[in-house]
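This report describes a single protein chain for a reader who is new to structural analysis. Please keep the sequence and the structure in view while reading.

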Amino acid sequence: VIPRDQQQQLQEQEVPRNIPPPPPVGEDERPTIYTYVEQAAQYNPNDDTGDLIENWRKAWYDVGWDPRILDARDAQRLPEYDELMSLITDLDLIGEKNIVFYKRWMAMASVGGGWMADISTWPLNYFIRHGRILPNDGFLTIYQGFSPSLVSGTGDEYLRVARQIGKTAEKAIAKQKMTNEHFPEKYKDHVEWNDLVALKELKQKLPDVIKTRSDVVPKNKLFRDGLMQCGESEGKRAFYLADLKPTKEFSRGTIARKFLNDWRESCTMTIVEDIEVSKKARY
């Protein structure tokens, strides 16, 4: 945890923020983008996670969105919560972190769907026109292959996919338990499963179960050989910072914010072209 005075110093550093104004949008017209952080209410700005949340929130707000944080309480408000959690028949085999990833789908269903970004997903080019009128008629769409770093869909779509994700966990648990019982030499105290693994499996078996795109660029592709690769960000909605960790000098939020500002100084922000949209997908 970074001390409060050091956090304040980092936040007060003059960091260039070369941000052209977003397309005109009133405060009450900002589309919502959600992220999910387990027990988010327990964090505060003096904690590294609280700092990360606040910087993530500011980054999305700057480009025209209304960023909101969901947590376990939102998932538990979903009427189907107990049904979906019952599919995880062995919590220890799945692991706490992977259960958190599973719950974010329930939280999104409980708020009626929309846009969901991972806390490590930060905005690049403008796409707020797609904020309330969802692409692909609101059909569940993932914007980094199988990795749910950025997702859009209606509430019913999040619920549909959450149920299918849970069923893959149920099968994986049953298979591992059978293996542990009958083949001790292949014993494992965990299952190689998370929502990304589940989505990949579902897509392979049922190609039309979700739509996938490549609109999120990973940091290591956006910045390599000591240079910002602006061509890699053309038409991209966001970038993803995998395995983001704090250092002795900087919090995770400051690291992400600085990288975003470096990109803004080096590259030109544009407006992402429309893809299939329909007023039927308004939420």
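## Accessibility and the overall fold

A residue is called buried when its relative accessible area is under 20%, exposed when that area is over 50%, and partly exposed in between. These words are used throughout the report. D225 offers a clear example: its relative accessible area is 73%, so this residue is exposed. The model discussed here is predicted.

The chain has 283 residues, and 50% of them are buried. Its secondary structure consists of 10 helices and 13 strands. Among the contacts in the chain with a separation of 6 or more, 75% are between residues 24 or more positions apart.

## The largest pocket

How much space lies in the largest pocket? The space comes to about 900 Å³. The pocket is lined by 30 residues, of which K97, F101, D118, I119 and S120 are the closest to its centre. Two or more lining residues come from each of the elements β1 (32-36), α2 (48-62), α6 (96-110), β3 (113-117) and α8 (195-205).

Helix α6 gives the most to this lining, namely five residues. By chemical character, the lining of the largest pocket divides into 15 nonpolar, seven polar and eight charged residues.

## Helix α8 and its two sides

Helix α8, one of the elements that contribute to the pocket lining, has buried residues at D195, A198, L199, L202 and K203. These residues cover an arc of only 130° around the axis, and therefore they lie on the same side of α8. On the other side of the helix, Q204 and K205 are exposed.

Which elements do the buried residues of α8 pack against? Their partners are α6, β6 (141-142), α7 (155-182) and β8 (211-212). Helix α6 thus appears twice in this account: it packs with the buried residues of α8, and it also lines the largest pocket.

## The disulfide

The structure holds one disulfide. It joins C230 to C267, with an S to S distance of 2.0 Å. The torsion about the S-S bond of C230 and C267 is about -80°, so the disulfide is left-handed.

Where in the chain do the two cysteines lie? C230 is in the loop between β11 (227-228) and β12 (238-240), while C267 is in the loop between α10 (252-266) and β13 (277-282); the pair therefore ties together parts that are 37 residues apart in sequence. The two cysteines also fall into separate accessibility classes. C230 has a relative accessibility of 25% and so counts as partly exposed, whereas C267, at 8%, counts as buried.

## Contacts across the sequence

The loop between α10 and β13 also contains T270. With a relative accessibility of 35%, T270 counts as partly exposed. Leaving aside neighbours within four places in sequence, T270 is in contact with N125 and Y126. The C-alpha atoms of T270 and L124 are separated by 8.5 Å, although these residues are 146 residues apart along the chain.

A second example is R57, which is placed in helix α2. Its relative accessible area is 28%, so R57 is partly exposed. When residues up to four places away in sequence are not counted, R57 touches P67 and I69. The C-alpha atoms of R57 and I33 are separated by 9.4 Å, and the two residues are 24 residues apart along the chain.

## Two residues with positive phi

Two further residues deserve attention for their backbone angles. N136 has a phi near 60°, a positive value in a residue other than glycine. For D225, phi is near 55°, which is again positive in a residue other than glycine.

Both residues are found in loops: N136 between β5 (133-135) and β6, and D225 between β10 (223-224) and β11. Is each of them buried or exposed? N136 has a relative accessible area of 9%, so it is buried. D225, by contrast, is exposed at 73%.

Methods
Residues are numbered from 1 along each chain as its sequence is written. This is a predicted model: local features need pLDDT of at least 70, side-chain atom pairs count only at pLDDT 80 or more; totals for chains, interfaces and linings use all residues. Side-chain values use heavy atoms; hydrogens and water are left out. On a 1 Å grid over the protein atoms alone, a cavity is a set of points where a 1.4 Å probe fits but cannot get out, and a pocket is an open set with protein on both sides within 12 Å along at least five of seven lines; lining residues have an atom within 4 Å of a point. Grid points are joined across faces, edges and corners, and a volume is the space filled by probe spheres set on the points. Helices (H or I, at least four residues) and strands (E, at least two) are DSSP runs, numbered from the N terminus. Ala, Val, Leu, Ile, Met, Phe, Trp, Tyr, Cys and Pro count as nonpolar, Asp, Glu, Lys and Arg as charged, and the others, Gly among them, as polar. A disulfide is a pair of cysteine sulfur atoms within 2.5 Å. Buried means under 20% relative accessible area, exposed over 50%, partly exposed in between (1.4 Å probe, protein chains only). The arc is that of the directions from the helix axis to the C-beta atoms. Contact means heavy atoms within 4.5 Å.
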